[in-house]
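Here's a quick look at how the chains of this model pack against one another, followed by some notes on single-chain features. Have the coordinates open while you read.

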Amino acid sequence: MTIQLIDELIKVCMVLLVVLTALVISRRNLISLINTYALHSLVLSAIAFLFFLGEGANVFLYASILTIITKLWLIPALLKRTQKIMKIYTDLEYHYLHPTSSIFLSLFIVIIVFLAFSGIKDDLGLDPFNYFGVVMGFSLVLIGFMIIFSRIKIITKTIGYLVMENGVVLLSFFVGEMPFLIEVMVLMDLLALVAITSILGFGMNSSIEEFHKRLNPFRNWFKKVDEK
Amino acid sequence: MSGFIAFAIINVVVVMALAPLYISLVKKMKAFLQGRKGPGLLQAYYSLWKLFKKEVVYSSNSSFIMRVAPYISIISALVAALFVPLLFIPDDYSGFGNIILLLYILAVGKFFMALGGLDAGSAFGGMGSSREMSISSMVEPVVIVLFAAIAFVFRSTNLFEILREASHGLGGYASLWLLLIPLVIVLLTETARIPIDNPETHLELTMVHEAMILEQSGRNLALLEIASAIKQLLLMGIIINLFMPMGFNLQVLFPAGILIAFGAFAIKGAFLAASIGVIESSVAKLRLFRLPNLFALSFFLSVVTIMMEVLL
Amino acid sequence: MLIVILSVLIAVMLAIILSRSLNMMNYVTVFHSVFVALFPVYLLVKGVLPAVFHKSRYLVVDTLGAYEILITGVIFFFAAIYAKGYVACLIKEGELSKANVKLFYLGYNSLLLAMVLAFSSNNLSVLWIFAEITTIVSAVLIVTLNAKENIVAAMKYVFITSTAMLFSFIGLILLFAASKNGSGAATLNWDALLQASHQIQPQLLFFSFVFIFIGFAAKSGIVPFHTWLPPSHSKAASDVSVLLSGSVLNIGIYAILRVYALVAKSSMGHEASMMVLVFGIITVGIASLSMLQKTNLKKLIAYSSVESMGFMLIGIAAGNIFWVLYFVAAHAMVKALLFFSAGIIHRQYGSMSMAEIKGVFRLQPLAALGLIIGSVAIIGTPLFPMFMPKFYIIASLAKASLFSAIILLLFLLIAAGSFVWLILQLVTMQGAAPEPYEIYPSMKIPILALILLLLVFGAYFPLPLSGILAEMVSLLGLGG
């Protein structure tokens, strides 16, 4: 494939990313929110794959595959399970910001980031194309931050955090590839974090007994030993 | 000039011919999805014919506004039809095709429709007009930014030039795809469809557009219905020719090229109308206070498109 | 060497998982922390620093790392001894169910492991990852108790710090890109970055420093990211509070110090030190004002941790790294003493409210002594180890800016006021209290040992330590 075509496809992916981000901000139904996040990650892995085709660095290929495994399968499954246990279907509670004002605020964020990064654009050696990617990535980080602040439900907050993380990954694609080992460890860390927050979120809605049952994998095993 | 006159005649005839068809197609699709048989595809034509034969009744409180509003609406719709090429683009377009002007011509029609609703002095008409105008006031800024974004992408405010550029394929216009969602939202809003309004209801609590034209009757009602149908077709035409330009503006000899373009447009239009039916059946009507969210989404996407254009 | 360490760690984890009695798990934990504490001592004595673990230089223990590992090891060692009795108490009171003890000790040892790895990371992103892991493991440790408020506190902890840490990661990405553009060698290895720091574009370096600062400041509870700290430190079991306050908080300051060393010598160094100073003074100010109105003993101590972290930032900004590093060790010891004593108080009265602590000298003389000596030490009274660092840091701040030194003194006075209030409360409040709660000897040993250590280090400043501190300062390139 030619470089032009790849760049064009990356642009299309960025467009999809913007649409999905707007949906993440305004969705209320938790299931569709989680699905939107999965799609968001799919687009991200597509971008990584296109980068692999364009630049030939294997890191991008691995990142793409890992993204699919963790963010398209593991994390959404984990979140959906939590959501099922917690029996929450919609998130209608907001701090400070409602979806409409959130969308306007995120517009403002994009513009501010655009202006803020124009100062260091040349130091980082970014052409307009990569610059747009960096602006998008950092805007995603701030939009995720905004979601964390403006939502009350733990699952939505977690999604906000995950959107932030997607933004960081996008940023790293456009600035320069990180060593592979670090990408893997970051994803593992993310997985652990989502696991612990979903367990904690479960704990908030249930009795402490049930919570510890879920938290502690050694519990039953230990009991058996104890009873002897 | 003669080229443009030919274009004008063909375009207006196509618009008049196809506009009611798509109205009934949407209804048919909805009926299909609800498991009903639904009216025939020609039902809209029969209804209009029936209305044309009926007597017009005016309220004793109404003034001349009531009498001229339908005509102004239909005229503005027909003038707007000259702005949106459906089958081909003439070589000279004599000052037509400005995208901002199109917006205002459509707004004039809507304004008089709303005045007509107020004029009869009935409670329903006034309520409908006030609701329609409050939705309009929310959607209008979005439409302006949306059209500005389209103009930004193609570096032109003339719809003829924009569509000509688009007919060469959308290879270099990745950011344009962002505008599909706002365009569909605007289409649903301007044609008073779910989730913004419900075209089928006559319940006091829920109707918006229907309440506004409740006082109209006979020929006048038929004219207003046609005007709405034309407006829908024109917005559909913009979407079709921007995003699915296959068969549009063929450089083939006169009758054959036009016929192929007509056939292609009719099929694509049928597809879009069916999609509208699917959208209408799959979402619930939104509360009035949730509407700003939808419009903010369109606004966001339009502005991001402009930013992408500035940056890339 | 890596293999030796790894095998010990795996053995410890397996032993914990397989062990069948509380005492067994405790002994393994004690062994583990002794091992960790002796490891840097071995390196220091043998003089093989910096010890490189792998040729990628991701894990390198230099003098600073060894020093921090030593502090961590000592604190974990005391806490492990304390835990033997404390866990038994918790189980007796029904605050910790027996089934969760294994999870508790697993978390304890994983936290120790993550801390050691974090302090041996030469690569900044590896450091970032291990810092994140400490957050997750600490959260697990906080929620092992049977209390619902702990879940909320842990949630707050995880969310605030991880969110802020993402900003740090952006900073790391920018730093990586900057190193690629500046020196051509794209790396996040700290030693390589330090050597190439003069080639990196200063504005970009500062930009990434700001981002990295946000995350690690949150990890250390710097205002305005401190809101997670008081609830989680006060709700956690007391020996977990010791770990969190005495050692996990250090990671943040440690990372900030490392990155600050990169930016300090560049032309943006002045801006960086101004930023750190402002955050430090605001932190000390907010924390000391919040301490005034606290009636919960552990919350008071937690806020004092916030205040100390702010003070360390001020020390870094004032350029007095030597005493900042000493302060880190002194703070860890004093905080451990305070939380250990608070744990006993909690067992005695079943509450942390200061109004209910009556007749403490009759009921728990050792805890009272620990609290009083800890309070006296933490406000920087002469003849205790916190005095010298506080004195010298304020002196060097005054040299740079007299005004901010006066402001700082005012805030420190307020903070001291709340501790004096605490002492007065302890000494004067008498009343008919229940019978003395029986405290296990293993809970008394660490308190006695820490009191002894504080007295020794207050009176005597060992010369080899001075050499080690000076070596660390020159390692960071921040001397003079």
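Where chain B meets chain A, 22 residues of chain B are in contact with 24 residues of chain A. Bear in mind that this is a predicted model. The two chains bury about 2,100 Å² between them, and carbon and sulfur atoms give 85% of that area. Three residues stand out on the chain B side: Phe300(B), Leu311(B) and Leu312(B) supply 30% of the area that chain B buries against chain A, more than any other three residues. As for polar chemistry, there are zero salt bridges across the interface of chain B and chain A, and the count of residue pairs in polar contact is one, with both residues at pLDDT 80 or more. Helix α11 (residues 291-311) of chain B gives the most to the side that touches chain A, with 12 residues. Sorted by class, that side of chain B has 17 nonpolar, four polar and one charged residues.

Now for chain A against chain C. Here 51 residues of chain A are in contact with 52 residues of chain C. About 4,700 Å² is buried between chain A and chain C, 80% of it on carbon and sulfur atoms. The salt bridge count between chain A and chain C is zero, while four residue pairs are in polar contact, both residues at pLDDT 80 or more. On the chain A side, the elements giving two or more residues are α5 (128-150), α6 (154-175), α7 (180-204), α8 (208-215) and α9 (219-227). The largest share, 13 residues, comes from α7(A).

Here is the class make-up of the two sides:

| Side | Nonpolar | Polar | Charged |
|---|---|---|---|
| Chain B, touching chain A | 17 residues | four residues | one residue |
| Chain A, touching chain C | 32 residues | 11 residues | eight residues |

What about chain C on its own? Chain C has 19 helices and two strands. A compact globule of 480 residues would have a radius of gyration near 23 Å, so the 21 Å of chain C agrees with that. The C-alpha atoms of chain C fill a box of roughly 70 × 55 × 45 Å along the principal axes. Buried residues make up 65% of the 480 residues in chain C. Of the contacts in chain C with a separation of 6 or more, 79% are between residues 24 or more positions apart.

One last local detail, back in chain A: Leu97(A) is in the loop between α3 (58-86) and α4 (99-118). Leaving out residues up to four places away in sequence, Leu97(A) touches Ser102(A), Leu105(A), Met146(A) and Ser150(A). The C-alpha atoms of Leu97(A) and Arg151(A) are separated by 8.3 Å, though these residues are 54 residues apart along the chain.

Key
Residues numbered from 1 in each chain as written. Chains lettered and ligands numbered in written order. Heavy atoms only, no water. Contact = heavy atoms within 4.5 Å. Buried area = accessible area lost by both parts, 1.4 Å probe. Salt bridge = Lys/Arg side-chain N within 4 Å of Asp/Glu carboxyl O. Polar contact = N/O pair within 3.5 Å; in protein donor to acceptor, adjacent residues only side chain to side chain. Helix = DSSP H or I, 4+ residues; strand = E, 2+ residues; numbered from the N terminus. Nonpolar A, V, L, I, M, F, W, Y, C, P; charged D, E, K, R; others polar. Rg over C-alpha atoms; globule rule 2.2 N^0.38 Å. Buried < 20%, exposed > 50% of the residue type's maximum accessible area, 1.4 Å probe, protein only.
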